[in-house]
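Trainee: I should like to understand the terms used to describe this model. May I ask how each one is justified?

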Amino acid sequence: MRRFLRAVLPALVLAGLLAGCSDEGGTITAQMREGDQKGYVAGDGSIESLAPDQRSTEVALTGTTLEDEPWAIEDLAGTVVVVNVWGSWCGPCIAETPDLEEVATALREAGEPVQFIGVNSRDSVPSAQAFQERYDVSYPSLQDDGGRTRAQLGSIAVATPTTLVVDGQGRLAARVSGQVDAGTLRGLVDDVLAEEPAG
């Protein structure tokens, strides 16, 4: 899988960059400029994967989980963190949830140093909890607090959904803007794990 992704990702990244520069209405930039009827910016599925020497964006994220527990990414130094921005009202978020859970479960059972965290957008706590129960989501999510928690991610998580892979040094290593599938996500995480120093 890693060989396949290394061969395919440069083309996908280039395609995503070209799409981002386009004026076609389906791009994230065009949706932000023109607005659409969904009430949110949908991702175009572009994949970005950064080699260790290209990682310049440090990801800062703190918040309160749906269970009212404090959470901070800085407490997970040395751990690969997968951040998924989602909302129960978002069709692609619903569609990708089983894939996220599949990868989270597989990595946990394998004992890999990976932590998943959701960042809820625009749901009340009861609605977000009901969603997680309905779809058997085993990892925590941060509450929506009027958008302040999500705003910490800035321009790296404009689309809903967005999935980020953060390396053990807290740097953005990979991003999927839009719906992600299990194979793609596992490949991205495995590549980052392979680069992490032995612990």
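**From values to terms**

Mentor: Let us begin with Ser141, which has its place in strand β6. Residues are numbered from 1 along each chain as its sequence is written. The model is predicted, so to speak: local features need pLDDT of at least 70, side-chain atom pairs count only at pLDDT 80 or more, and totals for chains, interfaces and linings use all residues, while side-chain values use heavy atoms, with hydrogens and water left out.

Trainee: What makes a stretch such as β6 a strand?

Mentor: Helices and strands are DSSP runs numbered from the N terminus: H or I over at least four residues for a helix, E over at least two for a strand. β6 covers 141-142, and therefore meets the requirement of at least two residues. The protein has 6 helices and 8 strands.

Trainee: Why is Ser141 called buried?

Mentor: The relative accessibility of Ser141 is 0%. Buried means under 20% relative accessible area, exposed means over 50%, and partly exposed lies in between (1.4 Å probe, protein chains only). Ser141 therefore counts as buried. In the protein, buried residues make up 47% of the 199 residues.

Trainee: How do you know that the side chain of Ser141 makes a polar contact with the side chain of Trp86?

Mentor: The value is 3.0 Å. A polar contact is a pair of N or O atoms within 3.5 Å; within protein, one must be able to donate a hydrogen and the other to accept it, and residues adjacent in sequence count only if both atoms are side-chain atoms. The pair therefore falls within the limit.

Trainee: With which residues is Ser141 in contact, leaving aside its neighbours within four places in sequence?

Mentor: Contact means heavy atoms within 4.5 Å. On that basis Ser141 touches Thr64, Thr65, Leu66, Trp86, Ile117, Gly118, Val119 and Gln132.

Trainee: How do you know that β7 and β8 pair?

Mentor: Two strands pair if DSSP finds at least two bridges between them. β7 (residues 162-166) and β8 (residues 172-177) share 5 bridges in the antiparallel sense, and therefore satisfy that definition. Thr162 stands opposite Ser177, and Leu164 has Arg175 as its bridge partner in β8. β4 and β7 also pair in the antiparallel sense over 5 bridges, with Thr163 as the partner of Asn84.

Trainee: Why are β1 and β6 said to stand at the edges?

Mentor: The open sheet has 6 strands in the order β1-β8-β7-β4-β5-β6, with mixed pairing. β1 (46-49) and β6 each have a single partner strand, so one side of each is left without a neighbour in the sheet.

Trainee: What makes β7 largely enclosed?

Mentor: Of its residues, 5 of the 5 are buried, so β7 is largely enclosed by the rest of the structure. Thr162, Leu164 and Val166 point one way, and Thr163 and Val165 the other.

Trainee: How do you know that Ala128, Phe131 and Gln132 lie on the same side of α4?

Mentor: In helix α4 (residues 125-134), Ala128, Phe131 and Gln132 are buried. They cover an arc of only 95° around the axis, which puts them on the same side of α4. The arc is that of the directions from the helix axis to the C-beta atoms. On the other side, Pro126, Glu133 and Arg134 are exposed.

Trainee: How is the packing of α3 and α6 described?

Mentor: Their axes are 9 Å apart, at an angle of about 35°. Axes are lines fitted to C-alpha atoms, for helices over the stretch in contact, and angles run from 0 to 180 degrees between N-to-C directions.

Trainee: Why is Asp68 called exposed, and why is Arg122 called partly exposed?

Mentor: Asp68 has 58% relative accessibility and therefore counts as exposed. Arg122, at 49%, counts as partly exposed. Phi is positive in both: about 65° for Asp68 and near 70° for Arg122. Most residues other than glycine have a negative phi, and most peptide bonds are trans.

Trainee: Which peptide bond is cis?

Mentor: The bond from Thr160 to Pro161 is cis, with omega near 0°. Pro161 is found in the loop between α5 (148-151) and β7.
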